[in-house]
Amino acid sequence: MAETLKDPPGILGSTLEALRTLYERRWLLWYMIQRDVSKSYQGSVLGFAWAFLGPLLLIALYTIVFSKILGFRFRQVAGDPSLNFGLYLYCGLIPYQMYASTLNSATGIIQGNSMLVKKMVFPTEILPFVSATSTLAERLFELVVLLALLVAFGHPPGWTIVLLPAIFVIQLLFILGLSYLFSVIGAYLPDIKETVRSIVRASFFVTPVIWPADRAKGVFHYIVSLNPIAYFVEAYRDLIISRTLPGAISTLGFTVFSILLFAGGLMLFVRTKHRFPDLI
């Protein structure tokens, strides 16, 4: 009796299969995320304590440089002098660093894991997922330090903080989409790493990290309003420091954009991953 050959799944079927693989291999995801996070602190005397000490030192440094030395005062919260520019800056840096770290590492994911990529049984779609979620996990430690300092300074977050996990989910979809998309680009164009690094550095200046978004005027205002990183920076500050809600229309728009970016990035990765072993 002749065997019936099944047609290969289409791009949608392959993408759903990749999502099913991520779910079934969640134990492997958890193991690799833990390994990546702990690797960041290996070799130091204080070890994991640096996950909390590092943010404290950075906040102190930003406060001294920007509040005391440079005298930045344009974004203090009225009636809360303790909320100095250092905390304001650091709150904006957390979502920006998630984006920057994800994008900088994404272009080297395939080459950096060549041994795993060449193993036919290893699901390569795990690699960008681990890279993005490890970055997010490390930023969570910084967020804990920031919230603890706000409480210590007598300005505990309001009820709006309960909506922060929703922003986290949107941002996770966004950085996952970037991770899948740029891991493919990096596999085909290894020399693009430095170009991407330059783009990340340039994007810092069109993102309201060290300046308030309402300072952007004219064409620059539209650039900032369409910048997804600027949305996440402002959403963090709204929910954590200002105790207000992010704009509904912008939240809806960037939610749809993040979902489409994740779906498109994963589809492209699934579509091209069979060629990765030949590219490294």
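Buried means under 20% relative accessible area, exposed means over 50%, and partly exposed lies in between (1.4 Å probe, protein chains only). This is a predicted model, in which local features need pLDDT of at least 70, side-chain atom pairs count only at pLDDT 80 or more, and totals for chains, interfaces and linings use all residues. Residues are numbered from 1 along each chain as its sequence is written, and side-chain values use heavy atoms, with hydrogens and water left out.

**Exercise 1. Place Pro 246 and class it as buried or exposed.**

Step 1. Find the loop between H11 and H12; Pro 246 lies there. Helices (H or I, at least four residues) and strands (E, at least two) are DSSP runs, numbered from the N terminus.

Step 2. Check the accessibility. Pro 246 counts as buried because its relative accessibility is 16%.

Step 3. List the contacts (heavy atoms within 4.5 Å). Neighbours within four places in sequence are left aside; Pro 246 then touches Tyr 231, Ala 235, Asp 238, Leu 239 and Thr 251.

Step 4. Take Ala 235 from that list. Its C-alpha atom is 5.3 Å from that of Pro 246, though the two residues are eleven apart along the chain.

**Exercise 2. Describe Arg 243.**

Step 1. Locate Arg 243: it sits in the loop between H11 and H12.

Step 2. Read its accessibility. The value is 37%, so Arg 243 counts as partly exposed.

Step 3. Look at the backbone. Phi of Arg 243 is near 60°, a positive value in a residue other than glycine.

**Exercise 3. Describe the second largest pocket.**

Step 1. Fix the terms. On a 1 Å grid over the protein atoms alone, a pocket is an open set of points where a 1.4 Å probe fits, with protein on both sides within 12 Å along at least five of seven lines; lining residues have an atom within 4 Å of a point. Grid points are joined across faces, edges and corners, and a volume is the space filled by probe spheres set on the points.

Step 2. State the volume: about 260 Å³.

Step 3. Name the lining. It has 14 residues, with Ala 213, Val 224, Ser 225, Tyr 231 and Glu 234 nearest the centre of the pocket. Helices H10 (218-225), H11 (228-242) and H12 (248-272) each give two or more residues. H11 gives the largest share, five residues.

**Exercise 4. Describe the largest pocket.**

Step 1. State the volume: about 350 Å³.

Step 2. Name the lining. Of its 17 residues, Asp 36, Lys 39, Ser 105, Ser 131 and Ser 134 are closest to the centre. H7 gives the most, six residues.
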